[in-house]
Amino acid sequence: GERLVSGSTDDTAIIWDVASRKALHRLVGHKGDVNAARFTADASGVVTASDDNTLKLWDARDGALVSTLTGHQDKVIALAVSLRDGQVASGALDGTIKFWDLINGRVLKEINQGTEVMSLAFSPDGRRLLSGVGRAPYLTHVWDAATGSEVASYGGHDNIVLATALAGNGLAATAGGNDNEIHLWDAESGRLTRALLGVGRAIWSVGFSPDGRSIAWGVERPGSGELGTLAFSLKLPAKDAPLGEPKALRAGADGFARAVTEAGGFSLQTRASGEFGYLDLLDVVKDGKVLATVKRGENAGYAHNAYTFTPDGKTVISGGGHGFLTAY
C-alpha cells in the first residue's frame with residue numbers, strides 16, 4: 001500500500017509514493033496509450049499494457065525497463081495479476097487472452113475469447129480468470145486459469161463490460177451495459193444473483209420549454225447531424241410549485257428550445273475519422289463548403305457528442321467525452 005502505479009494516454013506510466021503523493025518514476029517507452037498498469041505479485045516489478053500491442057515489464061525500484069512482451073495483434077487493454085502465484089494475464093482487442101512467463105517473456109497459454117477483451121480479474125485463489133467483453137453478444141467468461149478451458153459464461157449485460165471482479169465465495173461481479181448496472185452472478189453456473197442498478201441510460205438529447213419551467217430529454221442516440229428525439233419531460237420546481245414527476249412526452253416536443261446547428265448561413269456537421277469511429281470532426285459549413293474543422297482527440301474527449309451555436313451565432317460550443325466542454 002505504499003506505492004501506486006497509473007497509466008495514461010500520454011504513453012507513460014508513473015509510480016507514485018502514496019504518503020507524499022509525489023511521482024517516483026516515470027515509465028517511458030510505450031508508443032501508445034497505457035491502458036492498464038499492475039504491480040507484480042511480489043511488488044518488485046510493474047507490468048503495463050498499451051495501444052502499441054505490447055506489454056512491458058519494469059523494475060519498480062528504479063523504473064528501469066526490464067523487457068518488452070510481444071504477441072498480441074491489437075491494442076492490449078486489460079491486465080490481471082494473480083496474488084497467489086504471480087501469474088500475469090493480458091487481454092487485447094484481438095480477442096485473445098495470454099498468460100505470460102515474465103522471466104523469459106514467453107506465452108504460457110492463450111485463450112481466444114473471440115471478442116474484444118476489456119477487463120480481466122483473477123479469483124483470490126488464482127484458480128479462475130474472469131474476462132469482460134467489448135462487442136456483441138456481450139458474453140463475459142470465467143476461465144480455468146490452469147487449463148484455459150471455459151467454466152461459465154454470463155450474458156446478462158447488453159453492452160460493453162468494462163469492470164470485472166471475482167470474490168472468494170464464488171461470486172462474479174461485472175459492470176457495464178446500457179443501464180450502467182453491476183451484476184453479481186455465480187461464477188460456476190453463470191446464474192444471476194443480484195443486479196445493482198446504476199444511474200440509468202445515457203441521455204442523448206435535451207430541451208427547455210418556452211417558459212423555462214420544464215425540461216425534456218431522450219435516451220436514443222441520434223444519427224450524425226441529427227437532433228435526438230425528446231421522449232420525457234419534467235416540470236422544474238419553483239417558489240409556487242413543487243418538482244414534477246417524469247412524464248412520457250407524447251406531443252409538443254417541437255416547442256422545446258434545443259441545440260442550434262444553423263445560424264447566419266452557417267451550419268454544423270460532424271464526421272468520423274480514424275479507427276475508433278467516433279464523430280471526432282466538427283465542420284463549420286457555409287454554401288456547401290467547409291470553412292473550419294475542429295478535431296477532438298483522445299486527450300480532449302474523443303468526440304463531438306453535443307454542439308450548438310450561441311444565440312449571437314458567433315461562437316460554437318461543443319461537448320465531448322469525459323466532461324470536456326469547449327467554446328470555439
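**Group meeting: strands, a hairpin and one valine**

Okay, let's start with a pair of strands: β2, residues 12-17, is joined to β3 by 6 bridges, and the two run antiparallel. Before I go on, please keep in mind that this is a predicted model.

If you want to find that pairing on screen, look for Asp17, whose bridge partner in β3 is Lys22. Now, where do β2 and β3 belong? They sit in an open sheet of 3 strands, ordered β1-β2-β3, with antiparallel pairing. The edges are β1, residues 3-7, and β3, residues 22-28, and each of those pairs on one side only. Neighbouring strands in this sheet are turned against each other by 20° on average, if you ignore direction.

Let me zoom out for a moment. How many helices and strands does the chain have? The count comes to 0 helices and 30 strands. There are 328 residues in the chain, and 41% of them are buried. Along its principal axes, the C-alpha trace spans about 65 × 45 × 40 Å. As for contacts, take those with a separation of 6 or more: 32% of them are between residues 24 or more positions apart.

On the surface side, the chain exposes about 17500 Å², and 53% of that comes from carbon and sulfur atoms. For the charge people here: there are 32 positive and 37 negative charges, and their mean positions lie 4 Å apart.

Next stop, a hairpin. Strand β14, residues 140-144, and strand β15, residues 150-154, run antiparallel with 4 bridges joining them. Thr140 has Tyr154 in β15 as its bridge partner. Between the strands of this hairpin there are 5 residues, and Gly148 takes a positive phi near 80°.

Last one, and it's a single residue: Val206, which you'll find in strand β20, residues 205-208. Is Val206 buried or exposed? Its relative accessibility is 55%, so Val206 counts as exposed, the cut-off for that being over 50%. What does Val206 touch, leaving out residues up to four places away in sequence? The list is Ala216, Trp217, Leu230, Ala257 and Arg258. So you've got an exposed valine that still touches a tryptophan and an arginine, among others. And one distance to go with it: Ser233 is 27 residues from Val206 in sequence, and their C-alpha atoms are 9.4 Å apart.

That's my tour, thanks. Happy to spin the model around for anyone who wants another look.

Terms used: Residues numbered from 1 in each chain as written. Predicted model: local features only at pLDDT ≥ 70, side-chain atom pairs only at ≥ 80, totals over all residues. Heavy atoms only, no water. Pairing = 2+ DSSP bridges. Axes fitted to C-alpha atoms, helices over the stretch in contact; angles between N-to-C directions. Buried < 20%, exposed > 50% of the residue type's maximum accessible area, 1.4 Å probe, protein only. Contact = heavy atoms within 4.5 Å. Areas by Shrake-Rupley, 256 points an atom, 1.4 Å probe, with all protein chains shown as cover. Lys, Arg positive; Asp, Glu negative; His and termini not counted. Charge placed at Lys NZ, Arg CZ, Asp CG, Glu CD.
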